[in-house]
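I opened this notebook to record what I looked up, in the order I looked it up. The topics are pockets, domains, sheets and cavities.

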Amino acid sequence: MTISKRTKAVHGGVRRSQYNEVSEAIFLTQGFVYDSAEAAEARFLKAGDDEFIYARYGNPTVRMFEERIAAIEGTEDGFATASGMAAVNGALTSMLRAGDHVVSSRALFGSCLYILEDVLTRFGVEVTFVDGTDLDQWKAAIRPDTKAVFFESMSNPTLEIVDIRAVSDLAHAVGATVIVDNVFSTPIWSDAVALGADVIVYSATKHMDGQGRALGGVILGTKEFIRKTVEPYLKHTGAALSPFSAWLMLKGLETMDLRVRAQTESARSIADALAGDAGLSRVIYPTLETHPQHDLCLSQMGGKGGTVLAFDCGSQEAAFKALNALEIVLISNNLGDAKSIATHPATTTHQRLSDEQKAILGITPGLIRLSVGLEDTADIVADLRGALAAI
Ligand SMILES: *Cc1c(COP(=O)(O)O)cnc(C)c1O
């Protein structure tokens, strides 16, 4: 019987205690007791599937989360981390060494850019940045000695889409590992593994929790990569996910499909409503015909644009006026939350970038990013119209 993602999101990875509970238990424990000194020695030598040593290495609730999201994504295994950034850092740092070459798209979340531009290069890794939407640039940058390629399948905040299959084919031709930050595509709209990605990283903080409670992340890949490369690095460097947060994420996964579908439908309606607004110089959403990778959205994401959109009010002054006039949508910087959230990337999430870098990435002074929540779509449209009228 083939089981769909949606069913795996409810039943995947369950481990029951001797009480046979229905809802997953929180094993809020750092350590585990051994029956004898010999048993402790044996477990340190080789722990079995249901044997744990210390919560930094693994924990039953964390393991349930890892197995559930791996089942949904279609990878053999996964390793959970304390945040999305710990997942990005763990995936890259665990596999790279001085002298290695990495090619990365330039349109990245600020902290991802920091890891590639500042951290990896400090340890002697050479990084070449490309325009992720331009296959010729990928082709020119990937070399016989390239060890990994990294990109956000849909970029933050301008929603550029990278062709996962085409870039993976170029990378695999030289034996490079393809690492994809898939947050904006979400596990619901992306089949990154089928398209060729080797390693997928998520910030679980976003759609997996989906209710703004806890930080978390996960690295997904083959059993070999997760257990031989990622696990030794992460278990000794310490970015472990707490069992309580893992439990929040596990329960979040049960409703993720419903939430992401509803938020995506709403985002599309809001983008359509804003697209006709004469006061906005740009409305960015992948299903709009004006989006440069509209066709790729149709083929790679089944025509679904995700839960985030962006629009340009023309100037920082206008954007601030609009933000300050919002009555329902919150000014904050998370995304994927049940509550709609508006962000001014140029002065917050991407503040660190130079004006030149912002210009290259299309992060203009008037740009507002909107993460669409679970409110009534009509209320959000009315709130946005009121905010735009205030300009
Ligand atoms: C939020 C985000 C991250 C980082 O996740 P945290 O959980 O905040 O550490 C990484 N990549 C993308 C694309 C994100 O949106």
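**Entry 1: the largest pocket**

I began with the pockets of this predicted model. The largest pocket has a volume of about 650 Å³. I looked up its lining and found 23 residues, with A47, G48, E51, R227 and E231 the closest to the centre. Four elements give two or more residues each to this lining: α2 (37-45), α3 (60-73), β1 (77-81) and α10 (223-237). I noted α10 as the source of the largest share, six residues. Sorted by class, the lining of the largest pocket holds 13 charged, eight nonpolar and two polar residues.

**Entry 2: the domains**

Next I looked up the domain assignment, which gives domain 1 as 5-251 and domain 2 as 256-389. Taken over C-alpha atoms, the centres of domain 1 and domain 2 are 27 Å apart. How many residues of each domain are in contact with the other? I found 37 in domain 1 and 40 in domain 2.

**Entry 3: the second largest pocket**

I then went to the second largest pocket, with a volume of about 340 Å³. Its lining has 22 residues, and M85, F109, S203, T205 and K206 lie nearest the centre. Two elements, α4 (84-95) and β6 (199-203), give two or more residues to the lining of this pocket. The largest share comes from α4, with three residues. By class I wrote down nine nonpolar, nine polar and four charged residues for the second largest pocket.

Where does the second largest pocket lie relative to the two domains? Domain 1 and domain 2 both give residues to its lining, so the pocket lies between them.

**Entry 4: the sheet of seven strands**

I traced an open sheet of seven strands, in the order β1-β7-β6-β5-β4-β2-β3, with mixed pairing. At its edges are β1 and β3 (126-130), each pairing on one side only. From one strand to the next, the twist averages 20 degrees.

Inside this sheet I looked at one pair: β4 (residues 146-152) and β5 (residues 177-181) run parallel and pair over five bridges. V149 stands opposite V178 in β5.

I also looked up the helices on the sheet. α4, already met at the second largest pocket, packs on the sheet and touches β1, β4, β5, β6 and β7 (217-221). The direction of α4 makes about 155 degrees with that of β6. Helix α5 (residues 110-122) lies across β2 (101-105), β3, β4 and β5, and runs at about 150 degrees to β3.

**Entry 5: the sheet of five strands**

I found an open sheet of five strands, with the order β8-β9-β12-β11-β10 and mixed pairing. Why is one side of β8 (282-284) and of β10 (330-331) left without a neighbour in the sheet? Both stand at the edges and each has a single partner strand, so one side of each has no neighbour there.

β10 runs parallel to strand β11 (residues 341-343), and two bridges join them. I331 has A342 in β11 as its bridge partner.

Two helices are on record here. Helix α11 (residues 243-275) lies across β8, β9 (308-312) and β12 (367-371), at about 15 degrees to β9. α13 packs on the sheet and touches β10, β11 and β12, and its direction makes about 30 degrees with that of β12.

**Entry 6: the cavities**

Last, I looked for enclosed space. Searching the whole structure turns up four cavities of 30 Å³ or more.

The largest cavity holds about 50 Å³ of space. It is lined by A55, R56, Y57, G58, V62, E66, F79, A80, A240 and L241. α3 and β1 are the elements that give two or more residues to this lining. By class, the lining of the largest cavity has seven nonpolar, one polar and two charged residues.

The second largest cavity has a volume of about 40 Å³. Its lining consists of F311, A322, L323, L326, A342, I368, L384, A387 and L388. At least two residues each come from α13 (316-325) and α15 (377-389), and α15 gives the most, with three residues. I counted the classes for the second largest cavity: nine nonpolar, no polar and no charged. A342 appears here as a lining residue and was noted above as the partner of I331.

How values were computed
Residues numbered from 1 in each chain as written. Predicted model: local features only at pLDDT ≥ 70, side-chain atom pairs only at ≥ 80, totals over all residues. Heavy atoms only, no water. 1 Å grid on protein atoms, 1.4 Å probe; cavity = no way out; pocket = protein on both sides within 12 Å on 5 of 7 lines; lining within 4 Å. Points joined across faces, edges and corners; volume = space filled by probe spheres on them. Nonpolar A, V, L, I, M, F, W, Y, C, P; charged D, E, K, R; others polar. Domains from an automatic or database assignment. Pairing = 2+ DSSP bridges. Axes fitted to C-alpha atoms, helices over the stretch in contact; angles between N-to-C directions. Contact = heavy atoms within 4.5 Å.
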